[in-house]
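Thanks for sharing this one; I have gone through it and jotted down a few points. Have a look at the structure first, and then follow along below.

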Amino acid sequence: MTRTRVRRGGGPRGSMLFGGGLALGLALVLAVLAERAAAQSGQSNQNNCPAAQDIQPCGCTVKKNGLDILCEATETQHINKAMDALKGRGNVVIFYLKLRHNSLPKLLQFVFLGLDIRHLTIHNSSLAVVEESSLSSVGKKLTQLDLSQNVLTLVPSKALNTLHHLLILNLNHNKISAIHNNAFQGLDTLEILTLYENKIDVVDDGAFEGLGKKLKRLNLGGNGLRKVPQRALATLEVLRKLEMQENELTEIQEGDFEGLRNLDTLNLQHNRLNTVPAKVFSHLKLLNSLELENNQIRFVDPEAFSGLEENLQYLRLGDNKLNDIPSEALRRLHRLRHLDLRVNNITFIPDDAFSGFGDSITFLNLQKNAILVLPGLAFENLNSLETLNLQNNKLEYVSEEVMEPIIDTVTHFDLSDNPLICTCDLSWYHTWYRKAVGMVDEPAAHKRKTMCYLNSERREYNLLALPLQKMHCVGKNLGQVAAAHRISITFEIILSTTVFLTVLRRLNSM
(Lines give C-alpha, C1' and ligand atoms only; values in the text may rest on other atoms or scores of the structure.)
Protein backbone atom coordinates (compact mmCIF):
# COMPACT_ATOMS: atom_id res chain seq x y z
CA MET A 1 0.00 0.00 0.00
CA THR A 2 1.46 3.31 -1.01
CA ARG A 3 1.11 6.20 1.50
CA THR A 4 0.56 9.63 -0.02
CA ARG A 5 2.22 12.60 1.79
CA VAL A 6 0.09 15.76 1.83
CA ARG A 7 1.88 19.17 2.34
CA ARG A 8 0.64 21.35 5.16
CA GLY A 9 -1.63 24.03 3.83
CA GLY A 10 -2.22 22.21 0.53
CA GLY A 11 -5.56 21.35 -0.94
CA PRO A 12 -8.78 23.33 -0.91
CA ARG A 13 -8.89 23.78 2.85
CA GLY A 14 -5.33 25.21 2.99
CA SER A 15 -6.10 27.57 0.13
CA MET A 16 -9.21 28.77 1.87
CA LEU A 17 -7.34 29.39 5.13
CA PHE A 18 -4.57 31.25 3.27
CA GLY A 19 -7.07 33.38 1.39
CA GLY A 20 -8.98 34.18 4.58
CA GLY A 21 -5.77 35.20 6.39
CA LEU A 22 -4.74 37.46 3.52
CA ALA A 23 -8.13 39.14 3.47
CA LEU A 24 -8.01 39.69 7.23
CA GLY A 25 -4.49 41.16 6.99
CA LEU A 26 -5.50 43.53 4.21
CA ALA A 27 -8.53 44.61 6.20
CA LEU A 28 -6.37 45.40 9.22
CA VAL A 29 -3.86 47.40 7.11
CA LEU A 30 -6.69 49.37 5.51
CA ALA A 31 -8.19 50.07 8.93
CA VAL A 32 -4.85 51.37 10.27
CA LEU A 33 -4.34 53.55 7.19
CA ALA A 34 -7.85 54.92 7.49
CA GLU A 35 -7.30 55.71 11.17
CA ARG A 36 -4.02 57.51 10.39
CA ALA A 37 -5.63 59.47 7.58
CA ALA A 38 -8.43 60.49 9.90
CA ALA A 39 -5.94 61.53 12.57
CA GLN A 40 -3.90 63.53 10.04
CA SER A 41 -7.08 65.12 8.71
CA GLY A 42 -8.09 66.05 12.23
CA GLN A 43 -4.63 67.44 12.98
CA SER A 44 -4.72 69.36 9.71
CA ASN A 45 -8.08 70.83 10.63
CA GLN A 46 -6.82 71.75 14.09
CA ASN A 47 -3.86 73.57 12.59
CA ASN A 48 -6.04 75.62 10.33
CA CYS A 49 -6.86 79.15 11.45
CA PRO A 50 -10.18 79.76 13.23
CA ALA A 51 -12.78 81.90 11.53
CA ALA A 52 -11.62 85.53 11.49
CA GLN A 53 -14.66 86.77 13.44
CA ASP A 54 -13.90 84.33 16.28
CA ILE A 55 -10.51 85.87 17.13
CA GLN A 56 -10.92 89.50 16.02
CA PRO A 57 -9.12 91.85 16.35
CA CYS A 58 -6.33 89.26 16.37
CA GLY A 59 -5.10 87.75 13.11
CA CYS A 60 -3.94 84.26 12.19
CA THR A 61 -1.70 82.72 9.55
CA VAL A 62 -0.62 79.12 9.07
CA LYS A 63 3.10 78.36 9.40
CA LYS A 64 4.91 75.12 8.69
CA ASN A 65 5.07 74.18 12.37
CA GLY A 66 1.75 75.60 13.52
CA LEU A 67 -0.29 78.79 13.75
CA ASP A 68 1.04 82.34 13.95
CA ILE A 69 -1.34 84.49 16.04
CA LEU A 70 -0.86 88.27 16.19
CA CYS A 71 -2.84 90.60 18.47
CA GLU A 72 -1.94 94.30 18.20
CA ALA A 73 -3.37 97.57 19.54
CA THR A 74 -6.14 95.94 21.54
CA GLU A 75 -7.14 95.28 25.16
CA THR A 76 -7.26 92.43 27.68
CA GLN A 77 -10.86 91.38 27.08
CA HIS A 78 -10.37 90.99 23.32
CA ILE A 79 -7.19 88.96 23.86
CA ASN A 80 -8.99 86.69 26.35
CA LYS A 81 -11.83 86.16 23.86
CA ALA A 82 -9.36 85.15 21.14
CA MET A 83 -7.62 82.73 23.54
CA ASP A 84 -11.00 81.12 24.38
CA ALA A 85 -11.72 80.62 20.68
CA LEU A 86 -8.36 78.90 20.21
CA LYS A 87 -8.92 76.66 23.25
CA GLY A 88 -12.07 75.30 21.61
CA ARG A 89 -10.08 73.83 18.74
CA GLY A 90 -8.44 71.01 20.68
CA ASN A 91 -4.74 70.26 20.34
CA VAL A 92 -3.88 73.13 18.06
CA VAL A 93 -0.17 74.07 17.92
CA ILE A 94 0.44 77.81 18.24
CA PHE A 95 4.02 78.22 17.07
CA TYR A 96 3.99 82.01 17.54
CA LEU A 97 1.68 83.97 19.81
CA LYS A 98 2.58 87.65 19.50
CA LEU A 99 0.82 90.21 21.71
CA ARG A 100 2.30 93.59 20.77
CA HIS A 101 1.44 97.24 21.45
CA ASN A 102 -1.58 96.36 23.57
CA SER A 103 -3.06 97.49 26.87
CA LEU A 104 -2.33 94.42 28.99
CA PRO A 105 -1.27 95.60 32.48
CA LYS A 106 -1.73 92.17 34.07
CA LEU A 107 -1.28 88.64 32.75
CA LEU A 108 -4.03 86.70 34.50
CA GLN A 109 -3.82 83.19 35.92
CA PHE A 110 -4.56 80.30 33.54
CA VAL A 111 -5.07 82.67 30.58
CA PHE A 112 -3.30 80.15 28.32
CA LEU A 113 -4.72 76.99 29.93
CA GLY A 114 -5.17 74.28 27.31
CA LEU A 115 -3.03 75.98 24.66
CA ASP A 116 0.15 74.53 23.15
CA ILE A 117 2.37 77.61 22.67
CA ARG A 118 6.00 77.36 21.53
CA HIS A 119 7.05 81.05 21.22
CA LEU A 120 5.28 83.73 23.27
CA THR A 121 5.83 87.48 22.88
CA ILE A 122 4.19 90.14 25.04
CA HIS A 123 5.93 93.27 23.82
CA ASN A 124 5.29 96.95 24.55
CA SER A 125 1.95 96.20 26.19
CA SER A 126 2.23 98.05 29.54
CA LEU A 127 2.67 94.70 31.32
CA ALA A 128 3.38 95.29 35.02
CA VAL A 129 2.22 92.06 36.70
CA VAL A 130 2.62 88.42 35.66
CA GLU A 131 0.47 86.33 37.99
CA GLU A 132 1.94 83.16 39.44
CA SER A 133 -0.05 80.61 37.40
CA SER A 134 -0.36 82.60 34.18
CA LEU A 135 2.33 80.55 32.41
CA SER A 136 2.11 77.23 34.26
CA SER A 137 0.06 75.51 31.55
CA VAL A 138 2.60 76.22 28.78
CA GLY A 139 5.69 75.02 30.65
CA LYS A 140 6.07 71.74 28.79
CA LYS A 141 6.40 73.21 25.29
CA LEU A 142 7.34 76.91 25.55
CA THR A 143 10.92 77.50 24.33
CA GLN A 144 11.03 81.31 23.84
CA LEU A 145 9.49 84.04 26.00
CA ASP A 146 9.75 87.74 25.14
CA LEU A 147 8.45 90.21 27.76
CA SER A 148 10.44 93.18 26.45
CA GLN A 149 9.55 96.87 26.56
CA ASN A 150 7.04 96.69 29.38
CA VAL A 151 6.98 98.12 32.92
CA LEU A 152 8.01 95.12 35.01
CA THR A 153 9.85 96.23 38.16
CA LEU A 154 10.82 92.72 39.28
CA VAL A 155 11.75 89.46 37.59
CA PRO A 156 8.43 87.50 37.69
CA SER A 157 10.21 84.52 39.28
CA LYS A 158 7.16 82.56 40.52
CA ALA A 159 5.51 82.71 37.09
CA LEU A 160 8.70 81.59 35.34
CA ASN A 161 9.71 78.66 37.55
CA THR A 162 7.50 76.13 35.72
CA LEU A 163 9.05 76.79 32.29
CA HIS A 164 11.36 73.78 32.32
CA HIS A 165 11.95 73.78 28.53
CA LEU A 166 12.59 77.50 28.03
CA LEU A 167 15.69 78.31 25.94
CA ILE A 168 15.45 82.11 25.49
CA LEU A 169 14.13 84.74 27.92
CA ASN A 170 14.00 88.40 26.85
CA LEU A 171 13.35 90.98 29.60
CA ASN A 172 14.92 93.94 27.78
CA HIS A 173 13.60 97.49 28.26
CA ASN A 174 11.71 97.09 31.51
CA LYS A 175 12.12 98.82 34.88
CA ILE A 176 13.75 96.00 36.85
CA SER A 177 16.06 97.50 39.50
CA ALA A 178 17.44 94.38 41.19
CA ILE A 179 18.01 90.69 40.52
CA HIS A 180 17.46 88.84 43.74
CA ASN A 181 18.59 85.38 44.80
CA ASN A 182 17.03 82.49 42.82
CA ALA A 183 15.34 84.93 40.42
CA PHE A 184 15.48 82.33 37.63
CA GLN A 185 15.09 79.17 39.68
CA GLY A 186 13.50 76.38 37.61
CA LEU A 187 14.78 77.62 34.24
CA ASP A 188 17.33 74.81 34.07
CA THR A 189 17.35 74.67 30.25
CA LEU A 190 17.80 78.42 29.68
CA GLU A 191 20.58 79.27 27.18
CA ILE A 192 20.04 83.01 26.49
CA LEU A 193 19.02 85.63 29.06
CA THR A 194 18.82 89.30 28.06
CA LEU A 195 18.16 92.12 30.56
CA TYR A 196 19.34 95.05 28.43
CA GLU A 197 18.19 98.57 29.39
CA ASN A 198 16.57 98.08 32.75
CA LYS A 199 17.54 99.92 35.93
CA ILE A 200 19.56 97.14 37.54
CA ASP A 201 22.10 98.30 40.12
CA VAL A 202 21.87 95.31 42.50
CA VAL A 203 22.67 91.68 41.62
CA ASP A 204 22.53 89.31 44.58
CA ASP A 205 25.21 86.63 44.90
CA GLY A 206 22.69 83.86 44.12
CA ALA A 207 20.87 85.73 41.37
CA PHE A 208 21.69 83.19 38.64
CA GLU A 209 21.47 80.06 40.78
CA GLY A 210 20.31 77.11 38.68
CA LEU A 211 21.46 78.55 35.32
CA GLY A 212 25.08 77.43 35.49
CA LYS A 213 24.83 74.24 33.44
CA LYS A 214 23.17 75.67 30.32
CA LEU A 215 23.32 79.50 30.09
CA LYS A 216 25.56 80.53 27.20
CA ARG A 217 24.72 84.23 26.76
CA LEU A 218 23.92 86.91 29.35
CA ASN A 219 23.21 90.55 28.50
CA LEU A 220 23.31 92.96 31.44
CA GLY A 221 24.00 96.02 29.27
CA GLY A 222 22.32 99.39 29.61
CA ASN A 223 21.87 99.23 33.38
CA GLY A 224 23.32 101.00 36.42
CA LEU A 225 25.93 98.50 37.61
CA ARG A 226 28.85 100.14 39.39
CA LYS A 227 30.90 96.97 39.83
CA VAL A 228 31.14 93.52 38.28
CA PRO A 229 28.79 91.14 40.19
CA GLN A 230 31.59 88.57 40.50
CA ARG A 231 29.97 86.09 42.89
CA ALA A 232 26.75 85.91 40.88
CA LEU A 233 28.62 85.43 37.60
CA ALA A 234 31.03 82.83 38.97
CA THR A 235 28.29 80.17 38.92
CA LEU A 236 27.88 80.45 35.12
CA GLU A 237 30.48 77.88 34.20
CA VAL A 238 29.46 77.38 30.53
CA LEU A 239 28.76 81.07 29.72
CA ARG A 240 30.19 82.01 26.30
CA LYS A 241 29.15 85.66 25.92
CA LEU A 242 28.86 88.31 28.66
CA GLU A 243 27.60 91.79 27.76
CA MET A 244 28.00 94.55 30.36
CA GLN A 245 28.16 97.54 28.04
CA GLU A 246 26.57 100.89 28.93
CA ASN A 247 26.79 100.55 32.71
CA GLU A 248 28.47 102.70 35.37
CA LEU A 249 31.63 100.60 35.85
CA THR A 250 34.55 102.77 36.96
CA GLU A 251 37.00 99.94 37.60
CA ILE A 252 37.62 96.26 37.00
CA GLN A 253 40.09 94.21 39.03
CA GLU A 254 41.78 90.84 39.15
CA GLY A 255 39.28 88.13 40.07
CA ASP A 256 36.21 89.92 38.70
CA PHE A 257 35.74 87.29 36.01
CA GLU A 258 36.91 84.24 37.95
CA GLY A 259 34.74 81.22 37.21
CA LEU A 260 33.90 82.19 33.62
CA ARG A 261 36.40 79.73 32.19
CA ASN A 262 34.47 79.14 28.95
CA LEU A 263 33.87 82.81 28.10
CA ASP A 264 34.48 83.64 24.42
CA THR A 265 33.27 87.27 24.22
CA LEU A 266 33.35 90.03 26.85
CA ASN A 267 31.74 93.41 26.13
CA LEU A 268 32.65 96.28 28.48
CA GLN A 269 32.24 99.19 26.08
CA HIS A 270 30.56 102.48 27.05
CA ASN A 271 31.50 102.39 30.74
CA ARG A 272 33.74 104.71 32.79
CA LEU A 273 36.90 102.62 33.03
CA ASN A 274 40.15 104.61 33.13
CA THR A 275 42.65 101.77 33.68
CA VAL A 276 43.10 98.19 32.51
CA PRO A 277 44.98 96.68 35.48
CA ALA A 278 47.33 93.69 35.56
CA LYS A 279 45.91 90.15 35.20
CA VAL A 280 42.31 91.37 35.25
CA PHE A 281 41.37 88.85 32.53
CA SER A 282 43.78 86.10 33.60
CA HIS A 283 41.00 83.56 34.24
CA LEU A 284 39.53 83.90 30.75
CA LYS A 285 41.82 81.45 28.98
CA LEU A 286 39.40 80.92 26.05
CA LEU A 287 38.51 84.58 25.46
CA ASN A 288 38.43 85.39 21.74
CA SER A 289 36.94 88.90 21.66
CA LEU A 290 37.39 91.78 24.14
CA GLU A 291 35.51 95.06 23.67
CA LEU A 292 36.76 98.03 25.71
CA GLU A 293 35.89 100.93 23.43
CA ASN A 294 34.12 104.11 24.57
CA ASN A 295 35.61 104.24 28.04
CA GLN A 296 38.10 106.73 29.50
CA ILE A 297 41.11 104.43 29.47
CA ARG A 298 44.43 106.26 29.83
CA PHE A 299 46.64 103.42 31.06
CA VAL A 300 46.96 99.74 30.09
CA ASP A 301 49.20 97.78 32.45
CA PRO A 302 51.92 95.73 30.69
CA GLU A 303 50.32 92.60 32.22
CA ALA A 304 46.73 93.64 31.49
CA PHE A 305 46.19 90.85 28.97
CA SER A 306 48.00 88.12 30.88
CA GLY A 307 46.18 84.83 30.35
CA LEU A 308 44.86 85.78 26.92
CA GLU A 309 48.03 84.84 25.02
CA GLU A 310 46.77 81.88 23.03
CA ASN A 311 43.18 82.78 22.08
CA LEU A 312 42.45 86.52 21.94
CA GLN A 313 41.94 87.61 18.32
CA TYR A 314 39.73 90.72 18.53
CA LEU A 315 40.65 93.68 20.73
CA ARG A 316 38.78 96.98 20.56
CA LEU A 317 40.28 99.94 22.42
CA GLY A 318 38.81 102.74 20.34
CA ASP A 319 37.26 105.92 21.74
CA ASN A 320 39.49 106.13 24.80
CA LYS A 321 42.21 108.50 26.00
CA LEU A 322 45.38 106.56 25.14
CA ASN A 323 48.42 108.68 24.30
CA ASP A 324 50.47 105.73 23.01
CA ILE A 325 50.01 102.31 21.49
CA PRO A 326 50.13 99.96 24.54
CA SER A 327 52.76 97.77 22.88
CA GLU A 328 54.13 96.18 26.07
CA ALA A 329 50.68 94.86 26.99
CA LEU A 330 49.98 93.73 23.43
CA ARG A 331 53.22 91.81 22.86
CA ARG A 332 51.94 88.67 24.58
CA LEU A 333 48.93 88.40 22.20
CA HIS A 334 50.40 86.00 19.64
CA ARG A 335 47.08 85.38 17.82
CA LEU A 336 45.72 88.94 17.66
CA ARG A 337 44.09 89.59 14.28
CA HIS A 338 41.89 92.68 14.76
CA LEU A 339 43.24 95.71 16.65
CA ASP A 340 41.07 98.83 16.88
CA LEU A 341 42.72 101.97 18.36
CA ARG A 342 40.60 104.62 16.64
CA VAL A 343 39.72 107.94 18.30
CA ASN A 344 42.49 108.14 20.89
CA ASN A 345 45.25 110.70 21.46
CA ILE A 346 48.07 108.77 19.78
CA THR A 347 50.60 111.13 18.16
CA PHE A 348 53.44 108.80 17.24
CA ILE A 349 54.06 105.17 16.18
CA PRO A 350 57.47 103.90 17.31
CA ASP A 351 59.54 101.64 15.05
CA ASP A 352 58.89 98.66 17.36
CA ALA A 353 55.21 99.40 18.08
CA PHE A 354 54.06 96.08 16.59
CA SER A 355 57.19 94.03 17.23
CA GLY A 356 56.51 90.61 18.73
CA PHE A 357 52.79 90.40 17.94
CA GLY A 358 52.10 92.19 14.65
CA ASP A 359 52.65 89.29 12.29
CA SER A 360 49.12 87.93 12.88
CA ILE A 361 47.23 91.24 12.59
CA THR A 362 45.00 91.55 9.51
CA PHE A 363 43.00 94.65 10.59
CA LEU A 364 44.46 97.80 12.13
CA ASN A 365 42.37 100.91 12.77
CA LEU A 366 44.20 104.11 13.79
CA GLN A 367 41.73 106.64 12.40
CA LYS A 368 40.95 109.91 14.18
CA ASN A 369 44.09 110.09 16.26
CA ALA A 370 46.72 112.84 16.10
CA ILE A 371 49.54 110.94 14.37
CA LEU A 372 52.10 113.38 12.93
CA VAL A 373 54.83 111.13 11.54
CA LEU A 374 55.24 107.53 10.38
CA PRO A 375 58.81 106.33 10.98
CA GLY A 376 60.47 104.13 8.39
CA LEU A 377 59.90 100.84 10.26
CA ALA A 378 56.41 101.61 11.63
CA PHE A 379 54.75 98.69 9.80
CA GLU A 380 57.78 96.43 9.50
CA ASN A 381 56.24 93.55 11.50
CA LEU A 382 52.71 93.62 10.03
CA ASN A 383 53.28 90.78 7.57
CA SER A 384 49.61 89.75 7.31
CA LEU A 385 47.96 93.17 7.27
CA GLU A 386 44.98 93.51 4.90
CA THR A 387 43.13 96.58 6.21
CA LEU A 388 44.81 99.76 7.43
CA ASN A 389 42.86 102.87 8.43
CA LEU A 390 44.84 106.10 8.97
CA GLN A 391 42.00 108.41 8.05
CA ASN A 392 41.76 111.80 9.80
CA ASN A 393 45.18 112.11 11.39
CA LYS A 394 47.81 114.87 10.98
CA LEU A 395 50.09 113.17 8.45
CA GLU A 396 51.86 115.36 5.87
CA TYR A 397 54.19 112.71 4.43
CA VAL A 398 53.77 108.95 3.86
CA SER A 399 56.82 107.64 2.03
CA GLU A 400 57.20 104.50 -0.03
CA GLU A 401 59.79 103.30 2.46
CA VAL A 402 57.16 103.24 5.22
CA MET A 403 54.61 101.40 3.08
CA GLU A 404 56.96 98.91 1.46
CA PRO A 405 56.57 96.11 4.11
CA ILE A 406 52.77 96.03 3.68
CA ILE A 407 52.14 97.26 0.15
CA ASP A 408 51.73 93.71 -1.19
CA THR A 409 49.23 92.53 1.45
CA VAL A 410 47.02 95.56 2.17
CA THR A 411 43.86 95.64 0.05
CA HIS A 412 41.87 98.26 2.02
CA PHE A 413 43.72 101.45 2.93
CA ASP A 414 42.22 104.78 4.02
CA LEU A 415 44.57 107.78 4.10
CA SER A 416 41.91 110.43 3.52
CA ASP A 417 41.41 113.59 5.61
CA ASN A 418 45.11 114.06 6.32
CA PRO A 419 46.99 117.29 5.46
CA LEU A 420 49.19 115.50 2.91
CA ILE A 421 51.74 117.47 0.91
CA CYS A 422 52.07 116.42 -2.74
CA THR A 423 55.57 114.99 -3.17
CA CYS A 424 57.17 112.45 -5.49
CA ASP A 425 57.24 110.02 -2.58
CA LEU A 426 53.46 109.58 -2.90
CA SER A 427 53.68 107.99 -6.35
CA TRP A 428 53.49 104.53 -4.70
CA TYR A 429 49.81 105.17 -3.98
CA HIS A 430 48.84 105.01 -7.65
CA THR A 431 50.64 101.67 -8.08
CA TRP A 432 49.11 100.22 -4.89
CA TYR A 433 45.61 101.37 -5.80
CA ARG A 434 45.66 99.82 -9.29
CA LYS A 435 46.77 96.54 -7.79
CA ALA A 436 44.28 96.65 -4.91
CA VAL A 437 41.18 97.30 -7.03
CA GLY A 438 42.06 94.24 -9.02
CA MET A 439 41.56 92.16 -5.86
CA VAL A 440 38.55 93.91 -4.33
CA ASP A 441 35.51 95.86 -5.45
CA GLU A 442 36.69 99.31 -6.63
CA PRO A 443 34.13 101.44 -4.73
CA ALA A 444 34.96 99.54 -1.53
CA ALA A 445 38.69 100.00 -2.08
CA HIS A 446 38.43 103.75 -2.35
CA LYS A 447 35.22 105.27 -1.02
CA ARG A 448 36.81 108.65 -0.32
CA LYS A 449 39.10 110.68 -2.51
CA THR A 450 42.51 110.93 -0.94
CA MET A 451 43.90 114.41 -1.60
CA CYS A 452 47.21 116.18 -1.20
CA TYR A 453 48.19 119.84 -1.48
CA LEU A 454 50.66 121.02 -4.13
CA ASN A 455 52.36 124.11 -2.74
CA SER A 456 53.71 125.37 -6.05
CA GLU A 457 50.20 125.58 -7.51
CA ARG A 458 48.31 126.22 -4.29
CA ARG A 459 45.74 123.59 -5.09
CA GLU A 460 44.76 120.05 -4.16
CA TYR A 461 45.26 116.91 -6.25
CA ASN A 462 43.77 113.46 -5.99
CA LEU A 463 46.59 111.01 -5.20
CA LEU A 464 45.49 109.00 -8.24
CA ALA A 465 46.15 111.98 -10.50
CA LEU A 466 49.44 113.40 -9.23
CA PRO A 467 51.11 115.64 -11.86
CA LEU A 468 54.46 113.88 -11.52
CA GLN A 469 56.06 115.61 -14.50
CA LYS A 470 55.04 119.03 -13.20
CA MET A 471 56.50 118.04 -9.88
CA HIS A 472 59.77 117.12 -11.70
CA CYS A 473 59.71 113.57 -10.30
CA VAL A 474 62.50 111.44 -11.73
CA GLY A 475 64.04 108.03 -11.21
CA LYS A 476 62.25 105.33 -9.31
CA ASN A 477 59.15 107.31 -8.41
CA LEU A 478 58.32 108.42 -11.93
CA GLY A 479 59.58 105.19 -13.47
CA GLN A 480 57.11 102.99 -11.58
CA VAL A 481 54.09 104.98 -12.65
CA ALA A 482 55.37 105.33 -16.19
CA ALA A 483 56.13 101.61 -16.35
CA ALA A 484 52.65 100.77 -15.10
CA HIS A 485 51.20 103.09 -17.73
CA ARG A 486 53.34 101.52 -20.47
CA ILE A 487 52.32 98.00 -19.42
CA SER A 488 48.66 99.02 -19.55
CA ILE A 489 49.06 100.48 -23.07
CA THR A 490 51.04 97.42 -24.25
CA PHE A 491 48.34 95.10 -22.97
CA GLU A 492 45.63 97.07 -24.78
CA ILE A 493 47.65 96.92 -28.04
CA ILE A 494 48.15 93.15 -27.71
CA LEU A 495 44.47 92.62 -26.96
CA SER A 496 43.39 94.75 -29.96
CA THR A 497 45.83 92.92 -32.26
CA THR A 498 44.57 89.53 -31.08
CA VAL A 499 40.96 90.50 -31.72
CA PHE A 500 41.85 91.86 -35.18
CA LEU A 501 43.73 88.67 -36.20
CA THR A 502 40.87 86.47 -34.96
CA VAL A 503 38.34 88.40 -37.04
CA LEU A 504 40.67 88.28 -40.10
CA ARG A 505 41.06 84.46 -39.85
CA ARG A 506 37.29 84.01 -39.67
CA LEU A 507 36.80 86.17 -42.78
CA ASN A 508 39.41 84.14 -44.70
CA SER A 509 37.76 80.87 -43.80
CA MET A 510 34.36 81.94 -45.15
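1. Let me start with a loop. This is a predicted model, and in it His270 sits between strand E14 (265-267) and strand E15 (275-276), in the loop that links them. The backbone there deserves a look on your screen: His270 is not a glycine, yet its phi is positive, at about 55°.

2. A second backbone detail is found at a proline. The peptide bond that leads from Gln56 to Pro57 is cis, and its omega is near 5°. Pro57 belongs to the loop between helix H2 (52-55) and strand E1 (59-63).

3. Next, the strand pairing. Strand E2 (residues 66-72) and strand E3 (residues 93-100) run parallel and are joined by six bridges. One pair to pick out is Glu72 with Arg100, its bridge partner in E3. E3 also runs parallel to strand E5 (residues 116-123), and here seven bridges join the two. In that pairing, Ile94 faces Ile117 of E5.

4. How is the β-α-β unit made of E2, H3 and E3 handed? The unit is right-handed. Helix H3 covers residues 76-87, and this helix comes back in the next point.

5. Now for the interior. How many cavities of 30 Å³ or more does a search of the whole structure find? The search returns one, and the volume of this largest cavity is about 50 Å³. Its lining consists of Thr76, Ile79, Asn80, Leu99, Leu104, Lys106, Leu107, Leu108, Val111 and Phe112. By type, seven of the lining residues are nonpolar, two are polar and one is charged.

6. Which elements supply at least two residues each to that lining? They are helix H3 and strand E4 (106-107). The largest share comes from H3, with three residues. So that you can place the helix again: H3 is the one that makes up the β-α-β unit together with E2 and E3.

7. Finally, please look at Glu131, in the loop between strand E6 (129-130) and strand E7 (144-146). Its side chain comes to 3.1 Å from the backbone nitrogen of Gln109. Leaving aside residues up to four places away in sequence, Glu131 touches Lys106, Leu107, Leu108, Gln109 and Ala159. Lys106, Leu107 and Leu108 also appear in the lining of the largest cavity, which ties this loop residue to the region in points 5 and 6.

Methods: Residues numbered from 1 in each chain as written. Predicted model: local features only at pLDDT ≥ 70, side-chain atom pairs only at ≥ 80, totals over all residues. Heavy atoms only, no water. 1 Å grid on protein atoms, 1.4 Å probe; cavity = no way out; pocket = protein on both sides within 12 Å on 5 of 7 lines; lining within 4 Å. Points joined across faces, edges and corners; volume = space filled by probe spheres on them. Helix = DSSP H or I, 4+ residues; strand = E, 2+ residues; numbered from the N terminus. Nonpolar A, V, L, I, M, F, W, Y, C, P; charged D, E, K, R; others polar. Pairing = 2+ DSSP bridges. Right-handed = clockwise from strand over helix to strand, strands pointing away. Polar contact = N/O pair within 3.5 Å; in protein donor to acceptor, adjacent residues only side chain to side chain. Contact = heavy atoms within 4.5 Å.
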